[in-house]
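This note is addressed to a colleague who is meeting the structure for the first time. Please read the numbered points with the model at hand.

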Amino acid sequence: MMDEEGCDGETAAGPGSKDIFVQLVISFALGISAFVAFCILRPRWKTLYAARRRHSDPQIALPVLPDSFLGWIPALYKVTEEQVLASAGLDAFVFLSFFKMSIRLFATMFFFAIAVLWPIHRTFDAGETNTPGKSLTYAYPTSLDHMLVDEKPKDERWSYLWAYLVFTWFFSFLTIYFMNSETIKVIKIRQDYLGTQSTITDRTFRLTGIPQDIRSEEKIKEFVENLEIGHVRSVTLCRNWAEIDGLMAQRFVVLRKLEEAWSAYLAQQPAVTSRAGGRQREEAGDTTQDGQGDEESQENGRLLASDGLRNLTERQRPRIRLRFGFLRLRNRKIDALDYYEEKLHRLDEKIRNARSKEYTPTDTAFVTMDSIAACQMAVQATVDPRPGQLLSKPAPAPSDVIWKNTYAPRYRRRIQSWAVTIFISFLSIIWLLPVAVLASLLSICGIEKVSPSLAHALEEHDITRAFVQTGLPTLVVSLLNVLVPYLYDYLSNIQGMVSQGDVELSTISKNFFFIFFNIFVVYAVSGSAALSDFWSIIRDSLSDTQSIAKRIAGSIQNLNKFYLNFIMLQGFGLFPFKLLQFGSISIYTIYRMGAKTPRDFAELVQPSLFNYGFYLPTALLVFILCLVYSILPGAHIVLFLGLCYFALGYFVYKYQLLYSMDQPQHATGGAWAIICGRIVVGLITFQVIMIAFLVLQTAFEKAALIAPLVVLTFWYNFYSRRRYTPLTRFIALRSIKRASDPGIESNPDRDPNQAVQQTRLARRMSTIDEDKEKGMKFVNPNLVAPLEQPWVYQDPPPLPYESSTDSNTASVSGNDGNRAPSERNDGNGLGSVSSSFSLGDTHVWRDNGDGNV
């Protein structure tokens with residue numbers, strides 16, 4: 001049995017070299033199996049692994065990846081940044097730029113860790129570092145336990161602590177240098193990219209806080225033009241469209257139910273069909289054999305054919321149980337096709353009436369200017385001297401707008417935002433409880449409390465003990481943190497944001513806070529991945545502030561191997577599974593069993609969505625872990641694993657962004673500001689931890705010399721936010737090229753011929769944003785979208801004949817007063833919705849010459 005000394009929190013989570021070897025084997029086994037499966041399935045399941053390629057514009061010059069086992073890797077490596085921009089957009093370029101910057105940074109750090117720090121640690125940190133009960137050690141030291149125990153070190157032995165000071169400054173400046181260089185590059189690419197395209201989003205700004213006296217399209221247009229910054233092309237004043245949005249949501253539900261009813265009806269094979277068909281074939285055969293082609297036999301054949309069609313339509317129609325009456329106690333079975341068709345017909349009538357109504361205007365409008373320069377002058381200027389009124393902001397893409405939040409009152413959106421923030425704060429604390437329970441059970445000491453015999457059996461075998469003590473905790477932590485982003489994505493969607501791009505950036509921030517707090521801060525305070533003594537440590541630290549400083553400094557090093565295992569599992573083990581899209585395959589199987597209608601099957605083959613909020617926070621945490629451990633003993637191992645993590649992540653995410661997954665959000669690279677802010681958080685954490693180490697070694701003068709570095713990092717954060725953040729949000733007027741915005745001189749200090757030549761080179765083809773926004777306008781789709789027909793057969797139904805172009809133009813031109821877009825000529829132009837239905841017939845839609853809604 002294990003003694004009580006071996007069951008403290010740190011020992012419960014303190015793996016040895018055998019544990020790390022077992023974790024490495026587990027990670028490689030998982031990763032290699034998933035990678036081999038991907039290489040085998042990739043050429044066979046192109047609807048999944050080349051879904052985006054199949055749906056992309058053929059003009060995009062992405063190379064076709066070969067179907068060989070490993071031949072796709074060199075072809076993917078050769079894809080340039082220009083091709084990434086052309087095919088995936090700015091958001092993907094910024095995301096991959098972070099990985100490339102991390103590869104260069106940690107490769108440089110790894111060189112100095114091998115050449116300088118490793119010899120220093122081998123020379124001065126040599127000593128026994130075994131924990132009780134462990135016999136296996138590294139050939140080199142990986143712990144500072146002896147440093148924390150010796151209270152009066154000798155000067156000649158502890159003089160190497162100056163290396164901690166020097167490399168803290170050096171690695172901090174190196175990180176700032178790489179981040180600053182990459183920021184300048186991202187800003188230049190972003191300005192050139194947005195400055196050479198011309199989309200409706202680039203010419204539109206969002207005006208909020210509109211006073212009551214100018215809440216009309218004409219008055220807003222007059223107000224903006226009086227600013228003398230340009231001419232207004234169109235205005236979309238947001239109104240309280242809750243009624244029409246609710247009706248369209250109800251129609252979508254009824255439409256899906258009608259399609260399911262038709263699928264159930266058509267899936268039935270009538271028993272008399274084969275008999276009737278056989279009888280028809282016999283009659284036809286007899287006629288041919290006898291050579292009787294008289295009129296009577298032809299008439300019999302037509303009668304038999306008619307009888308066959310009648311039998312074909314005689315199937316059992318699906319029925320539903322309709323409840324009604326007091327407390328819905330009474331019920332009756334009715335024909336499902338008739339019920340849903342009639343319900344859809346009534347909803348169509350209500351929608352047509354709702355589209356012709358006038359709705360109350362709100363304080364938000366989308367104003368489209370005649371040039372990009374005029375729009376940029378509006379969003380970068382203070383329009384009104386009154387606080388909170390007539391605020392101009394960049395507009396999201398039309399497809400990115402969450403229209404139900406455009407007419408929500410400002411106070412309601414603010415309450416939702418604060419409520420979500422408070423809930424997340426409580427969740428981060430409450431989440432510690434299940435993690436603590438699970439993690440404490442996944443240790444030898446925790447298992448001994450529940451089942452002493454099982455703990456003794458595991459303790460006797462090094463491999464099983466290492467797997468339980470090392471592999472399972474990191475796996476459980478990784479799996480638990482896979483579930484949280486889905487919750488945060490849901491919370492961000494109900495927070496009242498106006499665009500999906502803002503929701504995406506909010507998810508990144510929320511998920512990073514959760515991961516950083518629960519995986520790094522809490523473990524650093526508790527000193528144990530088991531979290532069994534977290535609350536007792538917090539209670540003791542409140543009475544003795546020095547104890548928490550010593551605890552953090554010691555536990556950071558004690559958790560070195562835990563984070564090594566975490567990075568190994570994330571990089572070598574889970575990245576290949578992301579490439580395999582194991583989750584999509586599993587969900588596809590479930591959805592495939594539940595698919596009933598042609599629409600369901602069509603949705604199954606759509607590309608998966610790439611959510612940056614799910615992947616970027618974990619990469620940022622690994623970046624911070626590599627920074628924190630970049631100087632401590634064993635730094636070269638951490639940096640090497642970090643280098644492998646970002647190299648593998650770059651290839652995996654590059655493949656997914658270019659070939660297999662879609663990213664419909666339109667944040668124009670806004671994630672880079674979040675990335676830089678989180679890197680600064682990592683730098684400050686790294687510097688504070690190094691100060692704690694040096695203070696505990698009574699190296700006060702060395703710790704005092706790091707303190708100015710913390711102040712300098714804060715100053716750089718403030719300086720960079722003021723200098724670079726505006727360029728990551730707006731388009732500089734000098735970046736607007738003549739080819740896309742003729743009214744603006746691009747770069748006066750450049751040769752005009754050279755400028756035109758470079759502009760043409762940059763605009764070999766339209767950008768991905770221009771392709772997406774062709775023909776788009778800022779108008780609520782529920783006001784103008786044609787009413788979909790039920791998708792019953794394999795081919796999708798045709799769109800209604802009625803064109804919504806005129807209605808779209810009217811809705812945004814600002815010339816129709818307060819009237820929402822509506823269909824004209826209700827009797828003749830649109831036709832009757834009932835004419836689209838044939839109740840009790842097998843034909844769902846009938847073309848009668850009118851335009852179906």
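1. Aromatic pairs. Across the whole structure, a search finds 51 aromatic pairs. One of them joins Phe95 and Tyr653: the ring centres are 5.1 Å apart and the planes stand at 70°, so the pair is edge-to-face. An angle over 60 degrees is what that term requires. It should be kept in mind that the model is a predicted one.

2. Position of the Phe95 and Tyr653 pair. Phe95 belongs to helix α7 (residues 90-124), while Tyr653 belongs to helix α30 (residues 635-660). The pair therefore ties together parts that are 558 residues apart in sequence. Both Phe95 and Tyr653 are buried.

3. A second edge-to-face pair. The planes of the Phe577 and Phe582 rings meet at 85°, with the centres 5.6 Å apart, so this pair is also edge-to-face. Are its members buried, partly exposed or exposed? Phe577 has a relative accessible area of 24% and is partly exposed. Phe582 counts as partly exposed too, at 46% relative accessibility. Both values fall in the range between 20% and 50%, which is why the two residues receive that description.

4. The aromatic cluster. Which residues do ring pairs link into a cluster? The members are Phe95, Phe98, Phe99, Phe106, Phe575, Phe610, Tyr612, Tyr615, Phe623, Tyr645, Phe646 and Tyr653. Phe95 and Tyr653, the edge-to-face pair of the opening point, thus appear in this list.

5. A charge over a ring. The side chain of Arg317 places its charged end over the ring of Tyr265. The distance from the ring centre is 5.7 Å.

6. A nonpolar surface patch. Phe28, Ile32, Val36, Ile40, Phe69 and Leu70 make a nonpolar patch of about 500 Å² on the surface. Among them, Leu70 is located in the loop between α4 (51-54) and α5 (72-77). The relative accessible area of Leu70 is 44%, so this residue is partly exposed. Membership of such a patch calls for over 30% relative accessible area, and the 44% of Leu70 satisfies that part of the requirement.

7. Cysteines. How many disulfides does the structure hold? The number is zero. Two cysteines may be inspected individually. Cys39 counts as buried at 3% relative accessibility, and Cys238 is buried with a relative accessible area of 0%.

8. A contact distant in sequence. Gln500 and Asp400 are separated by 100 residues in sequence, yet their C-alpha atoms are 5.3 Å apart in space. Gln500 is found in helix α23 (residues 500-526). With a relative accessible area of 28%, Gln500 is partly exposed.

9. Positive phi at Glu228. Glu228 is a residue other than glycine with a positive phi, near 60°. Its place is the loop between α11 (217-226) and β2 (232-239). The relative accessible area of Glu228 is 73%, so the residue is exposed.

10. Positive phi at Leu390. Leu390, likewise not a glycine, has a positive phi near 55°. The loop between α16 (372-379) and β6 (391-394) contains Leu390. Is Leu390 buried or exposed? At 2% relative accessibility, Leu390 counts as buried, whereas Glu228 is exposed.

Methods
Residues are numbered from 1 along each chain as its sequence is written. This is a predicted model: local features need pLDDT of at least 70, side-chain atom pairs count only at pLDDT 80 or more; totals for chains, interfaces and linings use all residues. Side-chain values use heavy atoms; hydrogens and water are left out. Rings of Phe, Tyr and Trp (its six-membered ring) pair if their centres lie within 6.5 Å; planes under 30 degrees apart count as stacked, over 60 as edge-to-face and the rest as tilted. Helices (H or I, at least four residues) and strands (E, at least two) are DSSP runs, numbered from the N terminus. Buried means under 20% relative accessible area, exposed over 50%, partly exposed in between (1.4 Å probe, protein chains only). A charge sits over a ring if NZ of Lys or CZ of Arg is within 6 Å of the ring centre and within 35 degrees of the ring normal. Patches are made of residues with over 30% relative accessible area and no salt bridge: like charges are joined within 9 Å, nonpolar side chains (Val, Leu, Ile, Met, Phe, Trp, Tyr) within 5 Å. Accessible areas come from the Shrake-Rupley method with a 1.4 Å probe; for residues, only the protein chains shown count as cover. A salt bridge is a side-chain nitrogen of Lys or Arg within 4 Å of a carboxyl oxygen of Asp or Glu. A disulfide is a pair of cysteine sulfur atoms within 2.5 Å.
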